[in-house]
Amino acid sequence: MAILGIEEKEFFASGHRACAGCGEALALRHILKAAGEKTIIVQATGCMEVVSSPYPETAWELPWVHCAFENAAAVASGVRAALDYKGDKETQVIATGGDGASFDIGLAALSGAFERGTKFLYVCTDNEAFMNTGIQRSSATFPYANTTTSPAGKVIHGKQEAKKPLPFIIAAHGAKYVATASVMDLFDLKRKVQKALAINGPTFITVFSPCVPGWKIETNMAIDVSRLAYETTVYPIYEIEDGVVKINQKPEARKPVEEYLKLQGRFKHVTPDIAVKIQKYVDDRWAFLESVDGKKIFDTLF
Ligand SMILES: Cc1ncc(C[n+]2csc(CCOP(=O)(O)OP(=O)(O)O)c2C)c(N)n1
Ligand code: SF4
Ligand SMILES: [Mg+2]
């Protein structure tokens, strides 16, 4: 039964060992509620696997396959093929991993599954670093963030590279549905998960998911930080459906990026001149996204 539009039944049980206030755990809990019980989960290693499955316990109330860091999408293709062989069209397959697993180490398997046209949903919970092993930068890490492998010092002020545009890379495979979402709006996340699962082909959603120790925020800050990421357009919320881009939530007036940065210890070294560079980076990407809003920029190949 749903209360205020949220399913009562839990598939990611409480008692797991995620930090208080973890954005990824919140995202996963609601993704599973949206998917429902006829679902098999394939999960790459990372924080959400480690906190949910300390032997002999598990937080998973659905069939769950843990695989290596790099092959969640390939394992999901195998699970889908086995279900198809059995004639089971009802059971859905969701593969999931963090940004390290999705943007970096598992990207080859992810690309392969999209090229083959596997019917499944891939969900990336993006906390912008390899958190489980001690906050190493990934290609999803936001520019100038301080991580253990992009330390902010006197000469180099944190990560020097852009965030990889993974939703566009996946959409360029000809995917019918790609979306960004955020723990800021769990109803939007639910709608996107259900829409993606109804599509006959590979679909992709990446979810903005703050990490308490990695971003050096208070345990009650994940939603506030996510809202500011949206209001500053640091993290735009959009869909790419049949190759057409649609910014499905647009802030009325964009707030200065500094408001987002100042909440987080990972940006505490940012001086006013670096903040100007970050603002320009965000402005340029937002201008690009607005320029393609409503346009078909990719062909759907399958
Ligand atoms: C091939 C391989 N390389 C490295 C590791 C070590 N490792 C385990 S979890 C992890 C970090 C995961 O980062 P991410 O996918 O972003 O998930 P998060 O922990 O941030 O949720 C790493 C590097 C591994 N298990 N396998
Ligand atoms: S380290 Fe970050 S991603 Fe991992 S459980 Fe804690 S808050 Fe969640
Ligand atoms: Mg991560």
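**Notes on a predicted model: strand β3 and three ligand sites**

1. Gln 43 stands opposite Thr 96 in β5, and this pairing is a convenient place to enter the structure, which is a predicted model. On another side of the pairing pattern, Gln 43 also stands opposite His 66, a residue of β4. Gln 43 is thus a residue of β3 with a partner in β5 and a partner in β4.

2. Strand β3, which comprises residues 39–43, pairs with strand β5, residues 92–98, in the parallel sense, and five bridges are found between the two. Strand β4, residues 64–66, likewise runs parallel to β3, to which it is joined by three bridges.

3. How many of the five residues of β3 are buried? The count is five of five, so the strand is mostly covered, buried here being a relative accessible area under 20%. In a regular strand the side chains alternate between the two faces of the sheet. For β3, one side carries Thr 39, Ile 41 and Gln 43 while the other carries Ile 40 and Val 42, and both faces are covered, with these residues all buried.

4. Turning to the ligands, the shell around ligand 1 consists of 16 residues, of which Glu 24, Cys 47, Gly 100, Ala 101 and Asn 132 come nearest. By class, that shell divides into six nonpolar, seven polar and three charged residues. Helix α4, residues 99–105, supplies the largest share of the shell, namely three residues.

5. Which atoms approach the oxygen atoms of ligand 1? In the side chain of Glu 24, an N or O atom is 2.8 Å from an oxygen atom of the ligand. A backbone N or O atom of Gly 100 also lies 2.8 Å from an oxygen atom of ligand 1, and for a polar backbone atom of Ala 101 the corresponding distance to an oxygen atom of the ligand is 2.9 Å. Ligand 1 exposes 590 Å² when taken alone, and the protein buries 75% of that area.

6. The magnesium ion, ligand 3, has as its protein donors Asp 99 through OD, Asn 127 through OD1 and Ala 129 through its backbone O, at 2.0 to 2.2 Å from the ion. Along the sequence these donor residues follow the spacing D-x27-N-x1-A. Asp 99 in helix α4 and Asn 127 in the loop between β6 (120–126) and α6 (166–171) are 28 residues apart, so that this pair links distant parts of the chain. Are Asp 99 and Asn 127 buried or exposed? Both residues are buried.

7. Around ligand 2 the model places Ala 18, Cys 19, Cys 22, Glu 24, Cys 47, Asn 127, Cys 211, Val 212 and Pro 213. This shell divides into seven nonpolar residues, one polar and one charged. Some residues recur between sites: Glu 24 and Cys 47 are listed both here and among those that come nearest to ligand 1, while Asn 127 is listed here and is also a donor of the magnesium ion.

8. Several backbone values deserve a careful look. The peptide bond from Tyr 55 to Pro 56 is cis, with omega near 5°, and Pro 56 belongs to the loop between α2 (47–52) and β4. Positive phi values in residues other than glycine are found at Ile 135, with phi near 65°, and at Tyr 144, with phi near 75°. Ile 135 lies in the loop between β6 and α6, and that loop also holds Tyr 144. Ile 135 counts as buried because its relative accessible area of 17% is under 20%; Tyr 144, with a relative accessible area of 14%, is buried by that criterion as well.

9. Two further buried residues sit in helices. Ser 52 is part of helix α2 and has a relative accessible area of 1%, which means that it is buried; its side chain and that of Trp 60 are joined by a polar contact of 2.7 Å. Ala 25 lies in helix α1, residues 23–35, and counts as buried at 8% relative accessibility. Between the C-alpha atoms of Ala 25 and Pro 210 the separation is 10.0 Å, although the two residues are 185 residues apart along the chain.

Conventions:
Residues numbered from 1 in each chain as written. Chains lettered and ligands numbered in written order. Predicted model: local features only at pLDDT ≥ 70, side-chain atom pairs only at ≥ 80, totals over all residues. Heavy atoms only, no water. Near = heavy atom within 4 Å. Polar contact = N/O pair within 3.5 Å; in protein donor to acceptor, adjacent residues only side chain to side chain. Areas by Shrake-Rupley, 256 points an atom, 1.4 Å probe, with all protein chains shown as cover. Helix = DSSP H or I, 4+ residues; strand = E, 2+ residues; numbered from the N terminus. Nonpolar A, V, L, I, M, F, W, Y, C, P; charged D, E, K, R; others polar. Donors = N, O, S within 2.8 Å, 3.2 Å for Na, K, Ca; no water. Buried < 20%, exposed > 50% of the residue type's maximum accessible area, 1.4 Å probe, protein only. Pairing = 2+ DSSP bridges.
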